[in-house]
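Today I am opening a new page in my notebook. I want to look at how some rings and strands are arranged, one step at a time.

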Amino acid sequence: QVQLVESGGGLVQAGGSLRLSCAASTAIFSMSGTGWYRQAPGKQRESVAFISRGGSTTYTDSVKGRFTISRDNAKNTVYLQMNSLKPEDTAVYYCNTIPPIKWGQGTLVTVSS
């Protein structure tokens, strides 16, 4: 079974940056579109960014111009570069393919004001 492992979260001040990584146990990212999602306390999980199999990217409006999704097929890893972080970006961040497989444990991002 393919496993997804997210990492790179942490505590950062508003305006700071973090780079999240999502490593897969197989080369699934080269065969599927992949998204980053987040779930803030008390809220539903929402889509943040998406990269297609061909490399096209889309972003939810709230992160456009601040977040960048990318992929390294050789490393079976998808990244999310997050700049100009805001307190409202605080959440557990997950990645998953489309269609989704088993969710990983996520990585917590906390942005202090």
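How many aromatic pairs does the count come to? I looked this up in what is a predicted model, and the count comes to 2 aromatic pairs.

**Entry 1: Y37 and W103**

I began with the pair made by Y37 and W103, which is edge-to-face. I noted 5.2 Å from centre to centre and 80° between the planes. Planes over 60 degrees apart count as edge-to-face, so the label fits.

Next I checked where the two residues sit in the chain. Y37 belongs to strand β4 (residues 33-39), while W103 lies in the loop between β9 (91-98) and β10 (107-112). They are 66 residues apart, so I wrote down that this pair links distant parts of the chain.

Is Y37 buried or exposed? I found a relative accessibility of 15% for Y37, and therefore it counts as buried, because the limit for buried is under 20%. W103 has a relative accessible area of 32%, so I put it down as partly exposed.

**Entry 2: Y94 joins in**

The other ring I looked up with W103 was that of Y94. Their centres are 5.9 Å apart and their planes stand at 85°, so this pair is edge-to-face too. Y94 is buried, with a relative accessible area of 11%.

Which residues form one aromatic cluster? My answer is Y37, Y94 and W103.

**Entry 3: a charge over the rings**

I then turned to R45. Its charged end sits over the ring of Y94, 4.2 Å from the ring's centre. R45 also lies over the face of W103, at 3.9 Å from that ring centre. I sketched R45 beside my drawing of the cluster, with a line to Y94 and another to W103.

**Entry 4: a sheet**

My last stop was an open sheet of 4 strands, in the order β1-β3-β8-β7, with antiparallel pairing. Why is one side of β1 and of β7 left without a neighbour in the sheet? β1 (4-7) and β7 (67-72) stand at the edges and each has a single partner strand, so one side of each stays free of a neighbour there. On average, neighbouring strands of this sheet are turned by 15° against each other, direction ignored.

I also followed β7 to its partner β8 (residues 77-82): 6 bridges join the two, which run antiparallel. As one example, I69 has L80 in β8 as its bridge partner.

Notes: Residues numbered from 1 in each chain as written. Predicted model: local features only at pLDDT ≥ 70, side-chain atom pairs only at ≥ 80, totals over all residues. Heavy atoms only, no water. Pairing = 2+ DSSP bridges. Axes fitted to C-alpha atoms, helices over the stretch in contact; angles between N-to-C directions. Phe/Tyr/Trp six-rings, centres within 6.5 Å; stacked < 30°, edge-to-face > 60°. Buried < 20%, exposed > 50% of the residue type's maximum accessible area, 1.4 Å probe, protein only. Lys NZ or Arg CZ within 6 Å of the ring centre and 35° of its normal.
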